[in-house]
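Hi,

Here is the structure I promised to pass on. Have a look at it first, and then read my notes below.

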Amino acid sequence: MNRSFTVLALIFALALPVLAEDTVWRQEVEAFRKERVEDLKKEDGWFTLVGLAWLDEGENRFGSDPEAKVALPEGKAPKLAGVLVRKGDAVSLRLEPGVKMTSGGKPVKAGKLIPLVSDIKGEPTVLQMGTVSFHVIQRGDMVGVRVKDTKSAALAAFHDLDTYPIQPAWRVEARFEPYDPPRTIGIPNILGQVTDSPAPGAVVFDWQGKTYRLDALGDPKEGLSLIFADQTNGKETYGAGRFLETGPVKDGKVFVDFNLAYNPPCAFTAFATCPLPPAQNRLALRVEAGEKKYAGSAH
């Protein structure tokens with residue numbers, strides 16, 4: 001047999017597993033991106049979020065009146081639908097006579113003060129009026145109402161996400177440096193609040209001859225969560241940074257696949273309360289991978 005042919009055949013045979021692995025990985029990235037789009041198109045996705053109001057102590061009017069504390073979409077609710085009564089962290093609803101509303105598929109009685117469960121206590125009480133729904137949320141000492149509309153204009157206008165091409169170079173093998181004992185890091189949000197979150201360690205990786213590190217959240221045995229910023233933010237990508245999930249840490253190593261970097265909810269609506277990257281997770285490089293800035297975003 002020709003020696004050159006034998007060598008080429010051997011090289012090809014050795015390359016087959018690598019090619020197969022690359023194909024599977026690309027399919028996984030493509031499936032992730034497709035699922036992202038489908039999730040955003042859902043009737044409970046972020047594009048349906050049309051309002052967020054922070055409640056005052058005492059009575060807060062809600063309805064389609066623009067002057068109401070909780071303004072519902074015009075034409076989809078009575079001008080005055082009722083009041084939300086806040087006492088500390090507790091919120092109750094009193095519906096105006098003749099107004100139709102459901103909760104859990106059952107009619108809500110008018111004139112009666114009904115206690116509501118906020119999202120901080122588990123599954124919140126969701127109140128429904130046609131295509132419009134709302135529920136109580138709590139962020140620190142702030143108590144508010146999040147309004148959704150399954151027929152929102154933003155949802156109707158959404159078709160797809162803009163992303164960088166899939167690039168193997170941005171699937172980086174990193175080492176995991178555990179913190180012993182685990183640290184607590186401050187995670188800021190767009191409301192100016194800071195939440196102390198446990199950080200089991202940091203992922204450390206090399207890129208073009210330089211070493212970078214990101215504090216991680218989550219469980220190393222199940223997968224890590226990263227909130228990071230980079231020098232594409234505000235230009236090609238969303239201004240406030242992006243999110244990224246990894247697989248489990250194995251033998252002190254973990255793949256950080258920036259092709260899977262995705263935008264926080266605040267990239268799609270002004271009514272979300274997103275966490276922001278901590279100062280130490282602001283990378284001094286351009287991460288040209290993952291989701292780009294959404295065309296409808298103002299940031």
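**What I found**

Cysteine 266 counts as buried because its relative accessibility is 7%, and the cut-off for buried is under 20%. Before I go on, bear in mind that this is a predicted model.

I started with that cysteine because of what a disulfide is: a covalent bond between the sulfur atoms of two cysteines. Cysteine 266 forms one with cysteine 274, and the two sulfur atoms sit 2.3 Å apart. The disulfide count for the model comes to 1. If you care about handedness, the link between cysteine 266 and cysteine 274 is right-handed, with 115 degrees about the S-S bond.

The partner is tucked away too: cysteine 274 has a relative accessibility of 3%, so it counts as buried. You'll find cysteine 274 in the segment that follows strand 17 (253-257). What does cysteine 274 touch, once its neighbours within four places in sequence are left aside? The contacts are Pro188, Asn189 and Ile190, plus Pro264, Pro265 and Cys266. As for threonine 23, which is 251 residues away from cysteine 274 along the chain, the C-alpha atoms of the two are separated by 34 Å.

Next, the sheet. It is an open one, made of 6 strands in the order 1-11-10-9-6-7, with antiparallel pairing. Strand 1 (49-54) and strand 7 (106-107) are the edge strands, each pairing on one side only. Inside that order, strand 6 (residues 102-103) pairs with strand 9 (residues 127-129) in the antiparallel sense, over 2 bridges. To get your bearings there, look for threonine 102, which stands opposite glutamine 128 in strand 9.

One last spot is asparagine 233, in the loop that runs between strand 15 (223-228) and strand 16 (242-245). Is asparagine 233 buried or exposed? It counts as buried, because its relative accessibility is 14% and the cut-off for buried is under 20%. A polar atom of the asparagine 233 side chain lies 3.3 Å from the backbone oxygen of tyrosine 238. Again leaving aside neighbours within four places in sequence, asparagine 233 is in contact with Tyr238, Gly239 and Gly241.

Cheers

Conventions. Residues are numbered from 1 along each chain as its sequence is written. This is a predicted model: local features need pLDDT of at least 70, side-chain atom pairs count only at pLDDT 80 or more; totals for chains, interfaces and linings use all residues. Side-chain values use heavy atoms; hydrogens and water are left out. Helices (H or I, at least four residues) and strands (E, at least two) are DSSP runs, numbered from the N terminus. Buried means under 20% relative accessible area, exposed over 50%, partly exposed in between (1.4 Å probe, protein chains only). Contact means heavy atoms within 4.5 Å. Two strands pair if DSSP finds at least two bridges between them. A disulfide is a pair of cysteine sulfur atoms within 2.5 Å. A polar contact is a pair of N or O atoms within 3.5 Å; within protein, one must be able to donate a hydrogen and the other to accept it, and residues adjacent in sequence count only if both atoms are side-chain atoms.
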